[in-house]
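The following note sets out several points on side-chain packing for a colleague's consideration. Please read it alongside the sequence and the model shown here.

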Amino acid sequence: MTDAAMEMKVTAASDIEVDRETLDQSIHEFAGPNGDYYVNAFHKIHDATSPVPNTFNLWAAVLGPFWSASRAIWGMFWTFLILEIIAWVQIGRGAWGNPGADFADRAARQQERADELLSRAAAATEQADIDRFTKLAENIQKAADTSLERALAAQSEATGILLTGLLMLLVFKLVQGFYADRIYEKQYSNWRINPDSVESGRSTRNIVMGAILIAAIGPLIVYKFTVNASLPLLDAFPEKEVSAVFLGEGGGTLFSALANWMEARIDAAAAAGGDVFDGIVAGVRSVLDALTIALIGSPWPVVMLVICVTAWRAAGPRVAIFTAASLAYIALLGYWDVAMETVALVGAAVILCVVFGIPLGIWFGKSKRAYRAAEPVLDLMQTLPAFVYLIPIIAFFGTGNPPGILATIIFGMPPVIRLTALGMRGVPDSIKEAAVAFGASKWQLLKDVEIPLALPSIMTGVNQTILMCLSMVVIISLIGGGGLGKEILEALQYAAKGPGLLGGFAILFCAMVIDRIVQGAFRREDEKI
């Protein structure tokens, strides 16, 4: 070997040694206490060629979830806390529990019933009554004897249950001991990539939190499932006692007090803002009446022809044929008027969602502060069940189609707002800067640059809003809304399977026609661009 090769080999070895020292220092920094052990363990894991664990962490096996909490491995903590609690429940059932308690209680009740029947037989004067009570007592006595035998058999299995729990606990401890170092090594790898987002070392805060969680969860669950008659406090929340603390004796419950207060406030608000709410209903009704006159007041052949031609022009001949077939199904089954009423309801809701939603989306796309303030409201509008906000809708606006449209708007407006804001934020800054450099005003920048570039996202939001408004058709029939939703509601009330399915298919075809036309129009706009 030449001197140059020897020198290169020595240099490479020294570099490897330096890298190993750096790695050891990093592991020490990450692990904190007992760092030497984790240096050796992590090196064994790195050098291993088999997936079988080659290290065993004794402290992880002995302390179990407490060790996981001290090292901030919370996924492992919750997993093995649940598993060890299951094992301890089995141990408790076998050691001090009574596995046959349910059967013993049943046997006692049956025996009591048999004794009662025998006493009635002894007091009877007619032979028929004596024979009947005696026969019933014999049958129930046999059932009591069977339950008692099953209770004794279950009680004799206590030792087996205890051994099963001990075996389960041992297995869980061994699994934690063998896999703790591997899981901790993965956490170390994540810590090296992003030290700020991954906890390291052994902190007092995690130790205390782990101890509190184990002490609060484990003993209570073990006690609840191993003691025959646990404390009533663990079975049901003491609602009456808590209410008495806040409201005093005889003050009712917190539920009734809060419900009465809310109802009084809603009634007061509805009375104070009656003119405003009536004005909103009148505005919604004007939009709905215009669409109703156009769809139902016009001759049906005209309406059908206009819809088919619109489908042809927007999405092509295949969609036009599908539209004609769907409209024929709706008309032949007698759903034409109610289907057009449904389209008018959805159309009015969509128009109002777009008129108010797109400007709000543009504002939220330009102002992060406004979007952060509005985001919880949008989440509430989308996640709150429709049956919940139907209640204030009825209180403030009454029943019928206009209040149903307002409920539909609450559910259907968030998509167009969110996707409009997303599209506005997605416009590249370089393009906006170039437009400003060429002298574009704020209005020109919005009208000629930002909105055209955000249009695909805006149109997707409009399409989602249309479909979400259609999904509310059946729900708004609960507050007096008409259309196909009313047909479905009546079919549900009378368990009419055939009419319900036929009406459901009519709603399906309406939704598919609207979706195909809108999607086809968007696709053609994209092709032009």
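Over the face of which residue does Lys-224 lie?

1. Lys-224 lies over the face of Phe-225, at 5.7 Å from the ring centre. A charge sits over a ring if NZ of Lys or CZ of Arg is within 6 Å of the ring centre and within 35 degrees of the ring normal. In the case of Arg-425, the charged end sits over the ring of Tyr-371, 4.8 Å from its centre.

2. On the basis of the work: this is a predicted model, in which local features need pLDDT of at least 70 and side-chain atom pairs count only at pLDDT 80 or more, while totals for chains, interfaces and linings use all residues. Residues are numbered from 1 along each chain as its sequence is written, and side-chain values use heavy atoms, with hydrogens and water left out.

3. The largest nonpolar core (buried Ala, Val, Leu, Ile, Met, Phe, Trp, Tyr and Cys residues joined through side-chain atoms within 4.5 Å; buried means under 20% relative accessible area, with a 1.4 Å probe and protein chains only) has 69 residues. Ile-405, Ile-409, Met-472 and Leu-484 touch the most other members. Helix H16 (residues 336–366) gives the most to this core, namely 15 residues; helices are DSSP runs (H or I, at least four residues), numbered from the N terminus.

4. Beyond its neighbours within four places in sequence, Met-472 is in contact (heavy atoms within 4.5 Å) with Ala-386, Tyr-389, Ala-407, Thr-408 and Phe-411. Apart from this core lies another, of 23 residues, including Leu-23, Tyr-38, Ala-41 and Tyr-184.

5. The count of aromatic pairs comes to 19. Rings of Phe, Tyr and Trp (its six-membered ring) pair if their centres lie within 6.5 Å; planes under 30 degrees apart count as stacked, over 60 as edge-to-face and the rest as tilted. Phe-30 and Tyr-184 form a tilted pair, 4.9 Å centre to centre with 40° between the planes. Phe-30 lies in helix H1 (residues 3–31) and Tyr-184 in helix H8 (residues 158–193), so this pair ties together parts 154 residues apart in sequence.

6. Both rings are buried: Phe-30 has a relative accessible area of 0%, and Tyr-184 has 0%. Tyr-184 also pairs edge-to-face with Tyr-38, at 5.1 Å centre to centre and 65° between the planes. Because Tyr-38 lies in helix H2 and Tyr-184 in helix H8, this pair joins parts 146 residues apart in sequence. Tyr-38 is buried at 2%.

7. His-43, in helix H2 (residues 35–47), counts as buried at 8% relative accessibility.

How values were computed
Buried means under 20% relative accessible area, exposed over 50%, partly exposed in between (1.4 Å probe, protein chains only). Helices (H or I, at least four residues) and strands (E, at least two) are DSSP runs, numbered from the N terminus.
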